[in-house]
Amino acid sequence: MSEASETSDVNHASDVNDASEELEIDLPEEIDVDNPVWPYLRKDRIPHIWCPGCGIGTTVNCFARALTDSEIDLDRVAIVSGIGCTGRVAGYLNLDSFHTTHGRAIPFATGLKLANPRLKVVVYSGDGDLFAIGGNHFVHAARRNMDLLVICVNNFTYGMTGGQMGPTTPVGAVQSTMPYGNFETPFNLPFLADACGAVYVARWTVYNVRQLGRAMKEGLEKRGFVFIEALAPCPTLYSRRNKLGDGVDQLKYYKANSVVKNGADTKEVGLSFQGEISVGKFVDRERPTWLEAMDAHYAQVFAGEYVPHGGLHGED
Amino acid sequence: MNAVKPANKAKGTVFVREETCKGCSYCVDFCPTHCLELSPGFNARGYHYPTLARADDCTGCDLCGLYCPDFAIFAVRFRDLEKLRKGRVL
Amino acid sequence: MQADPKGVLTGAHFLDGDQAACEGALAAGCRFVAGYPITPSTEVVERFAARIPLVGGVFIQMEDEIASSIAIQGAVWAGQKAMTVTSGPGLSLMMEHVGFAAMTETLCVFVDVQRAGPSTGLPTLPGQGDMMQVKWGSHGDYEPIALVPSSPQECFDLMIRAFNLAETFRAPVFFMMDEVVGHMTERVVIPGASAIEVAERRLTRKKPGEYRPFEANGDLVPDMVRSGEGYRIHVTGLTHDERGYRAMTAAAHGRLVERLSNKVRANRDRLVDVREDGVDGADVVVVSYGITSRVAARAVAEARERGVRAGHLRLVIAWPFPARRVREIAARAKAFVVPELNLGQMALEVERAAGGRAVVVPVPHAGGTVHEPAAILEKILEAKG
């Protein structure tokens, strides 16, 4: 099944070790530095609408660090979201950002990317948006290996509308439209992405902030259809309705139950209600993107007559 | 934003934007050195915000900053201060 | 400016309406099409798919019409001219994205080769039952622009105009063909590129930081930018302010939605396009559009042979509707006769504009074939009184 398992609790060990060296520094009275996430935000829109303990903001921190670490030209990054709590990410990031219709972030992103191949297009949306109403688009974009980084914040519920059952709600969890507990089988998202042809598939929880940030950085640098699932608490609707405590309790559950299984068979990484969580990078492979395949094919068919597509911005 | 004047043993410190905190306590609960505590008082929106209770213990690792869903806290290592001050050109 | 010669197939051709529409789009500078196969529109995208490798651009067959109608909007924000092509059932699926295009002022062209509906209806046979759907189909208020070609030559000519209007008004533009116009083959003359005027994207001259993406100019239309050029725009289907930020108040909503409608309403006279034949002095005026106008022309000719003072008003642009012109005619004519391949859609508009000053006689037809000229003639003879 999987490779060697280890606890996911690797954040803390390395950080404590790293900080153990002694330094002598004269400190000024006033220190004026920015929160590292701050330059990436539309500051006039903060505070945001997310509830106390909502994990979406934490994923935004990870994404901001990934942008910094990847040293990508931010003018060439575009964020596309659908509708829902995670859909609001687009409105807070100080990048070209598109808050589209429910479920349709991926096809909008497809058009944006194909019309200007120099853009790095990131789809940032929730589990209901991407996998219920938008499921068909996910499946086909992965099949085509459309060059998109898709970040799914999976909180197992429809938060914006008040905590209804969604395509990732674990069996047994109570939701307002499953008042006696969910009896529908949820998606195993990494398996779905893998089966459809995604070239990079990872799952981390928002407890694993460093790993999540690193995965996002790798996703920004990878060509092709990248899928990153970030498990995040919804304390207001999912946790409370299921008597799971607050956000801290949910992160403690992630900490205690996450098992790193890099390279795991994605068939084996499905989730159950408050059960073990397989995390890690499950898939990392190469195949031509849709545009690369088109260019290669037409170059062969039409030889010198082919007019390569470079969008409006020349070739890159 | 206020820098908390650190004690001599500290290797870093935290910055707290009290007014945007929603009191989720992620920073307090997941700080590796347990140097933070929630304030006894409330911010303007009625939430307890973090304070650096054991300044000596702060390493500036910024895990609090990574966890904070409200962009209300972050930490720096003193040795990184110069670099950070130069600012990020974005 | 002049058309890019790469997309212009100059010469005299024998093309069906679908093919001619595709050539019109290429001549207009459309370099991005997302579509999904549906009869009787498929030939448009088939031709685009065949032509585009030699022109430079992208055709992508999406997984459905919902995806197609939003993929084109992504392409537009990257700076391209884009269209999608469909027929009734697909158009129904696209409706939410018509609203998104209206709300976000994403200029793009929706081609609808109409077949008889509702539902799957008669896939291979004509209808004109989508005329009200394009006006009112998405929820909320907006003002679409709709062109109605009646021949393959017009499919070419008007398609260029459709793209130009989209660039000018940043409103959803519909290209309302029908199965017969789409599949009839006629001579189509494509001029040289230098004779084709195309509208370019009106890009802002402002710098990032100064530019507000939804701040309109005097003509109520805001200038645009292309994603990737450092403006850090935010685009949302939520009610938004001039910065593009969501604004959840009745006042902000009124300001935005009224501007979206007024930018088309205020330019109604510039937009309206009708072709008239003997309307002034006529007792009975036939109002028609698309394929029905070709049948109606024959009925009008036969009525004149019988001594009826009959005129013909053909809609080239159906939305905005030429209400002022119809009102003028209503003051002098006795009656309007409105044949259409539906059970009376544009007839309602004629009635509204006539305001009781002239009788309006619909000639309804559920679609599946075109009218018999005799059916229209009969109504003309009845209407002359």
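How many residues of domain 1 of chain C are in contact with domain 2 of chain C, and how many answer from the other side? The count is 30 residues of domain 1 touching 26 residues of domain 2. Here are some notes that start from that interface and then move to the other chains.

1. **Confidence.** Please keep in mind that this is a predicted model. The predictor assigns the complex an ipTM of 0.97 and a pTM of 0.94. For chain C the average pLDDT is 97, and 100% of the residues score at least 70.

2. **The two domains of chain C.** The domain assignment places domain 1 at residues 11-195 and domain 2 at residues 275-384 of chain C. Their C-alpha centres are 26 Å apart. Between them, the two domains bury about 2000 Å², with 58% of that area on carbon and sulfur atoms.

3. **Charged pairs between the domains.** Domain 1 and domain 2 of chain C have 2 salt bridges between them. Elsewhere on the list for this chain, C:Glu186 and C:Arg294 form a salt bridge, with 2.5 Å between the closest N and O atoms. C:Glu186 has a number inside the 11-195 range of domain 1, and C:Arg294 has one inside the 275-384 range of domain 2.

4. **Helix H13 of chain C.** This helix spans residues 373-383, and its buried residues are C:Pro373, C:Ile376, C:Leu377, C:Ile380 and C:Ala383. They sit on the same side of H13(C), because the arc they cover around the axis is only 125 degrees. The general background is that an α-helix has 3.6 residues a turn, so residues three or four places apart point the same way.

5. **What H13(C) packs against.** The buried residues of H13(C) pack against helix H10 (291-305) and against four strands of chain C: S12 (284-289), S13 (310-315), S15 (335-340) and S16 (359-364). Just past the helix, C:Gly385 has a positive phi of about 80 degrees.

6. **Helix H7 of chain A.** Is this helix enclosed or open? Of the 8 residues in H7 (residues 189-196), 6 are buried, so the helix is largely enclosed by the rest of the structure. The buried ones are A:Leu189, A:Pro190, A:Leu192, A:Ala193, A:Asp194 and A:Cys196. Their packing partners in chain A are helices H5 (127-133) and H6, together with strands S5, S6 (200-205), S7 and S9. After H7(A) comes A:Gly197, with a positive phi near 110 degrees.

7. **A buried salt bridge in chain A.** Over all chains the count is 48 salt bridges. One of them joins the side chains of A:Asp147 and A:Lys113, at 3.4 Å from N to O. The pair connects distant parts of the chain, 34 residues apart: A:Asp147 is in the loop between helix H6 (135-144) and strand S5 (149-154), while A:Lys113 belongs to helix H4 (residues 105-115). Both A:Asp147 and A:Lys113 are buried.

8. **A salt bridge with unlike ends.** A:Lys222 and A:Glu286 also form a salt bridge, with the closest N and O atoms 2.8 Å apart. This pair spans 64 residues: A:Lys222 lies in the loop between helix H8 (209-221) and strand S7 (226-231), and A:Glu286 lies in the loop between strand S9 (277-284) and helix H11 (290-302). Which end is buried and which is exposed? A:Lys222 is buried, because its relative accessible area of 9% is under the 20% cut-off. A:Glu286 is exposed, because its 65% is over the 50% cut-off.

9. **The network around that pair.** A:Lys281 and A:Asp284 meet through their side chains in a salt bridge of 3.3 Å, N to O. A:Lys281 is partly exposed at 27% relative accessibility, and A:Asp284 is partly exposed at 43%. Salt bridges with shared partners link A:Glu218, A:Lys222, A:Lys281, A:Asp284 and A:Glu286 into one network.

10. **Chain B.** What order do the helices and strands of chain B follow along the sequence? The pattern is β-β-α-β-β-α-β-α, made of 3 helices and 5 strands. Of its 90 residues, 56% are buried. Among the contacts in chain B with a separation of 6 or more, 54% come from residues 24 or more positions apart.

Methods
Residues are numbered from 1 along each chain as its sequence is written. Chains are lettered from A and ligands numbered from 1 in the order in which they are written. Side-chain values use heavy atoms; hydrogens and water are left out. Buried means under 20% relative accessible area, exposed over 50%, partly exposed in between (1.4 Å probe, protein chains only). Helices (H or I, at least four residues) and strands (E, at least two) are DSSP runs, numbered from the N terminus. The arc is that of the directions from the helix axis to the C-beta atoms. Contact means heavy atoms within 4.5 Å. pLDDT is the predictor's confidence in each residue, from 0 to 100. A salt bridge is a side-chain nitrogen of Lys or Arg within 4 Å of a carboxyl oxygen of Asp or Glu. Domain bounds come from an automatic or database domain assignment. Buried area is the accessible area (1.4 Å probe) that two parts lose on being put together, summed over both.
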